[in-house]
Amino acid sequence: MDKNFRVRLIVGVGIFLVAMLALYTFDSIPFKILFGLFAFMSAIELASFFKKKHTIYNIVLAVLELAFLVCGTIFVARINVDYFWYIILGVPGYDIFAYLFGKMFGGKVFKKSRPFPHISKNKTWEGTILGLSMAVGMVAIKMACAGAFTTDWIYLLCGPLALCGDLFESHLKRCFKVKDSNEIIIKNKFFEKLEMCVGGSEGHGGFLDRIDSSAFACTILLIISCLL
C-alpha cells in the first residue's frame with residue numbers, strides 16, 4: 001500500500017465517521033456547519049492560486065469554482081438529513097470506488113487508453129466506469145428502500161456530477177499550474193496546521209481537493225431543484 005493511498009484511506013474514513021456523527025446529531029446542523037467550514041477553507045486555498053501567474057480564463061474558472069462552493073453550501077443548508085445519504089453515497093461513493101477500482105483494475109481492460117488524458121491523466125476507464133456504476137447503484141438502492149424514485153430521481157445524478165466536479169477542479173489546477181489545492185497556502189505555518197485536519201500535507205491535496213466534487217454536484221442539484 002503506497003503512502004498516498006494510505007493517507008487518502010485514513011483521512012477518508014475519518015471524515016466519513018465525523019460526517020456520520022454530525023448527521024445524526026441536532027438534525028444534521030453540525031454537518032451543515034462542517035460543510036460550510038470546508039467550503040470557506042477551500043475558498044482560501046482558491047485565493048492562494050492567484051500567487052501563480054494567471055489569465056482572464058483562469059480568473060473565470062476560479063470565479064466559477066467559488067460559485068460552486070457558495071451554491072453548494074446553500075444547497076446543503078436547505079436539505080434535510082434524508083437527502084444527505086444520497087449525496088454521501090453518490091459523491092464520496094464515486095470518488096472512493098473510482099480510485100479503488102482504478103488502482104485494482106486500471107489498464108487491465110483498456111490497455112493504453114485514458115478517458116481524460118489532457119485533464120486528469122491518472123484516471124482510468126475501469127475506475128471511472130466502475131466508480132460511476134457503484135455510485136448510481138448505491139443511490140438507486142437507497143431510493144428503492146425509501147420508495148422515493150418518483151420524487152428523488154435527480155439524486156441519481158450525484159455520481160456523474162461528482163466526476164464532472166473532479167474534472168473541473170483538475171482543469172482549474174492545470175490552468176494555474178497547481179498540483180495540489182493547498183500547495184501554496186500550506187507554506188504558511190498557521191494554515192499548515194489547519195490543512196493537516198484533512199490530511200493535507202505537502203504533496204497531498206487539501207480542503208478543495210476533498211470538497212470539489214460535492215460542491216459541483218450540490219450546485220447543479222440546487223439549480224435543477226429550483227427549476228422543477
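## Helix α3 against helix α9

In this predicted model, helix α3 (residues 56-78) packs on helix α9 (residues 207-227) with the two axes 7 Å apart and an angle of about 65° between them. That angle makes α3 roughly perpendicular to α9. The crossing of this pair is left-handed.

If you would like to trace the contact, start on the α3 side with E65, A67, F68, L69, C71, G72, I74, F75, V76 and R78. Their partners in α9 are L208, I211, A215, F216, C218, T219, L221, L222, S225 and C226. Sorted by class, the residues of this contact comprise 15 nonpolar, three polar and two charged.

## Helix α2 against helix α9

Helix α9 also meets α2 (residues 29-48): the axes of these two helices come within 9 Å and cross at roughly 115°. Here, too, the crossing is left-handed. From α2, the contact draws on F35, F38, A39, M41, S42, E45 and L46, while α9 offers F207, L208, R210, I211, S214 and A215. Nine of the residues in this contact are nonpolar, two are polar and two are charged.

It is worth lining this up with the α3 contact. L208, I211 and A215 of α9 are listed in the contact with α3, and these three residues also appear in the contact with α2.

## Helix α4 against helix α9

Next comes α4, which packs with α9 at an angle of about 140°, the axes lying 10 Å apart. This geometry makes α4 oblique to α9. The crossing of α4 and α9 is right-handed, whereas α2 passes α9 in a left-handed crossing.

On the α4 side you will find I87, V91 and D95, and these meet S213, S214, A217 and C218 of α9. The contact divides into four nonpolar residues, two polar and one charged. Two of the α9 residues are worth a second look: S214 is also part of the contact with α2, and C218 is also part of the contact with α3.

## Helix α5 and its surroundings

How far apart are the end C-alpha atoms of α5? They are separated by 32 Å, which agrees with the 32 Å that its 22 residues should span at 1.5 Å a residue.

The buried residues of this helix are E126, G127, T128, G131, A135, M138, V139 and M143. Among the elements that cover them are α4, α6 (149-152) and α7 (158-176). After α5 comes G147, with a positive phi near 60°.

## Two exposed lysines in loops

K121 sits in the loop that joins α4 (81-105) to α5 (125-146). Is K121 buried or exposed? Its relative accessibility is 57%, so K121 counts as exposed. Beyond its neighbours within four places in sequence, K121 still has contacts with R114, F116 and R174. F97 is 24 residues away from K121 along the chain, and the C-alpha atoms of the two are 17 Å apart.

K177 belongs to another loop, the one between α7 and α8 (189-195). With 65% relative accessibility, K177 counts as exposed because the cut-off for that class is over 50%. What draws the eye to K177 is its backbone: phi is near 60°, a positive value in a residue other than glycine. Most residues other than glycine have a negative phi.

Terms used. Residues numbered from 1 in each chain as written. Predicted model: local features only at pLDDT ≥ 70, side-chain atom pairs only at ≥ 80, totals over all residues. Heavy atoms only, no water. Helix = DSSP H or I, 4+ residues; strand = E, 2+ residues; numbered from the N terminus. Buried < 20%, exposed > 50% of the residue type's maximum accessible area, 1.4 Å probe, protein only. Contact = heavy atoms within 4.5 Å. Axes fitted to C-alpha atoms, helices over the stretch in contact; angles between N-to-C directions. Parallel < 35°, antiparallel > 145°, perpendicular 65-115°, else oblique. Left-handed = near helix turned anticlockwise from the far one by under 90°. Nonpolar A, V, L, I, M, F, W, Y, C, P; charged D, E, K, R; others polar. Expected span 1.5 Å × (residues − 1).
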